[in-house]
Amino acid sequence: MVERADVSQLGSVANSLRPVGDGISRAADNVHRTIHGLDWTGQARVEAIGRADSEKSQMYGVSGAVTNLRTALTNGQSVMAPMVDSLKSSARNLEAASYDVADNWTVTDAYKYGLAEAFAAGDKDEQARIEELKRQRAEEARNATVRLTRLAQDLEAADTACANAVRGANEEITAMAPIGAGLVGGQAAGDLKAMRAGSMTPEQAARLRAATTLTPQQLEELREGRPAFMSQGQFDYLKSLMGEFDGVSLQEMKDIDERNPGALGDALRLMSIPNVHTVGGESGGMNRLPVGVQTLLREKAVRTDTVVANGQLRTFTDIPRLDDFKALNGLLGDGNQGLRLGADIDRGLLKQAAEIGGNMSPRGADTNYGNYHHAIDASELRETVDAMFQNGAGDHQAVADFLTGDNMDVTVTAGSHYNADDHIWDLMTTKWEPDELGAKSVMSWFGDSAGASGHEGVAAGRSMEALSDFIVRHEHQLTKLDLGDDQYTTFGQRNPELAQAIARSAAPYIGNYFGLPDDMLVNHTVGPLGKEGDFASLLSVLGTDGTAGEMMVRSSSAWENHIAHEFGDDPRQSGLGVAAGQMHRAVEAGIDDLDTTLTDNHQWNENVDFNARGEKIDGVLALLQGSGVPGLSDAATIAGPAIKGMELGDPPGDPREIKPWSSQIENYRDTHQQLTTGVPRSYLMIEPFLVDHPELVDRNWNGDGKGPIDFFDSNGDLDWNTVVENRSRFTTFYDQNLGVLDDNFNENTTSLVGGSQIDLSKEPEPNDSRRPPS
């Protein structure tokens, strides 16, 4: 193989690439100069210049990748050429000297000793010389074998390094070059026909995959909510493909996709992204989807029918296109989930899932789904809606629009308008079971993405702001959900997992709700709530689930602690006490509101139940009184009140009754007080103050005259256990050092603190308040 090797070809190929790379750079500069030099104005110019800048960057990247390929080939030649020449010349010289060189570079002595041995017969001296020659040549063969083997190994390593460098450069070019190069609209019909028949060639399959693939730069543009420009050929291919599906059922589309899983789902999602643009001014969106998909996502999904059957009225809740929703779920679920980047198809899924969910009864309820001729299995319906939510929830831009109402009119029929409140209501008040995670997935990412950079953080903030506003405005309705039969429940009692997801998401935004300085915030999109009582409303609603309420109280306390820490770090910020006071009062008010809500609902439900049971007893007594049986009617009349009293028991409202949620409310109050007042507050304030004033770290403090005490650990930090065990002396230490500076701060907080009595011996150690809570 080495004998035939010619690494000079690497240099030839490298030289041929020089004008390619230079030409790409020149073309990039020419296009860029031309577009920037045109005399025009308006949005078209803005988009064209943006595209020109993007293409210049992309073409420069390709040019750089071509240069890397040329360098890899040139380096490969320069390293391997001497090795190949050395192996070739060594092998030739050895063979000329009567040595054999095997393919694995083993060298053996091939000299013909027969004639020499015949002439040396009987001559011991000559025979000895021949044996010595054999020994010397055998040693030479061994040495040559070692030398050539090492050289061959070096050549193999150099060849591998060159191949890896070339492969890496090629992959870089492939990643940067326009994916849609070579695609045209007319190819789509033939490719789809072959796909239907199950006879796609590798070239057709690669073309379909290329049509649904974006470059890293295009994906980044979409992630940031900016236009991503696609080649006209790639766009035309996808547009033609969408047109070929007009009149094709969703189920048939799913069957076709099973021959190339994920490809059609990616095509649908990609073409529904409004930020997918071409230089010619075309863009993606809902209107680009096949007609059958558009109507599925826009038209009313639920139909209610009432029929007379066997002399009785029966009401059916029908979802006529449930199978189409299942098929669309499958198509999108098989595809690239990284394309969930502001797609109208995801907006439509979320909208329809909410509307269908709003018409579902709790699991196990006696509800007729389907129609008189065809029943829908309740479990199948719930699984489909759950999957719809999960499919759409991963598109965070779509979720933000679903909650705010922005960009959502594309999901309704012409002339109609999307109402965000109606759909949030459906999502929040439908009874979801613990194993149904779709609705929770819509709400559970705001907190994790609160501090994300770019558009993701903005989408998270928009979502949380819209949801918080909705909850505040609908506090009364969410804490008095109608169960039927004049009975009521609350949001947290109906959907505890969803309440917990929202409470967890809300934690990083509490500072925003009270207008804290921007440099203290995690997210910079959400603005303050309208008034102090709004946060009380938010806590009151979410607190109707015990765990969610605990989360809100602890998160709020952590923010109060963070405020205290920031004040201690710079005592000139006494204005922070305003926000701390508002936050503290809002939490206390929210707990009080929650207590009142639970009490009112409990008493109302008990009264309704008491009256209903009383009416049943009255009905029975009335039948007895009117029976006409001698003695029975009189006995019923006389003994009726006593019988009714025995059956009903005492009427509701006994003040001695221990309310089931009493311990929950007390726990909220105690947790809040423990974490935000007294020693914990002082501890958190003075901790950063001491960092800036190390001279106050007195290991033998005796400022109260009661003997030396060391409040600090071996690192010079305040020791929490020592502080708690000596809280009275620590308070004096605090007052002597920072207390004189915190009067303005405390005027807005401590004077307004109330609540239950706390066992200070069980004070929890304060959280790490150096960073905003998350």
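Here are a few friendly notes on the predicted model above, from the whole chain down to one helix.

1. Let's start with the overall picture. The chain has 774 residues, and 47% of them are buried. Its secondary structure comes to 31 helices and 9 strands. The accessible surface is about 36500 Å², with 50% of that belonging to carbon and sulfur atoms.

2. A word on how the chain meets itself. Taking contacts between residues at least 6 apart in sequence, 74% join residues that are at least 24 apart.

3. Now for the interior. The largest nonpolar core holds 147 residues, and those touching the most other members are Met428, Met443, Ile471, Phe491, Ile502, Tyr513 and Phe535. Helix H25 (residues 576-625) gives this core its largest share, 9 residues. Another core, of 23 residues, lies apart from it and includes Leu73, Ala91, Leu94 and Ala141.

4. Phe491 is a good residue to click on. Beyond its neighbours within four places in sequence, Phe491 is in contact with Met428, Leu478, Leu481, Leu498, Ala499, Ile502, Val541, Leu542 and Thr544.

5. Helix H12 is also worth a look. H12 spans residues 322-333, and its 12 residues reach 16 Å from first C-alpha to last, close to the 16 Å expected.

6. How much of H12 is covered? Mostly covered is the answer, with 9 of its 12 residues buried. Among them are Leu322, Phe325, Leu328, Leu331 and Leu332, along with Asp324 and Asn329. The cover over these buried residues includes helices H9 (250-257), H10 (263-271), H11 (291-298), H13 (344-357) and H14 (378-393).

Definitions and conventions. Residues are numbered from 1 along each chain as its sequence is written. This is a predicted model: local features need pLDDT of at least 70, side-chain atom pairs count only at pLDDT 80 or more; totals for chains, interfaces and linings use all residues. Side-chain values use heavy atoms; hydrogens and water are left out. Helices (H or I, at least four residues) and strands (E, at least two) are DSSP runs, numbered from the N terminus. The expected span of a helix is 1.5 Å times one less than its number of residues. Buried means under 20% relative accessible area, exposed over 50%, partly exposed in between (1.4 Å probe, protein chains only). Contact means heavy atoms within 4.5 Å. Accessible areas come from the Shrake-Rupley method with a 1.4 Å probe; for residues, only the protein chains shown count as cover. A nonpolar core is a set of buried Ala, Val, Leu, Ile, Met, Phe, Trp, Tyr and Cys residues joined through side-chain atoms within 4.5 Å.
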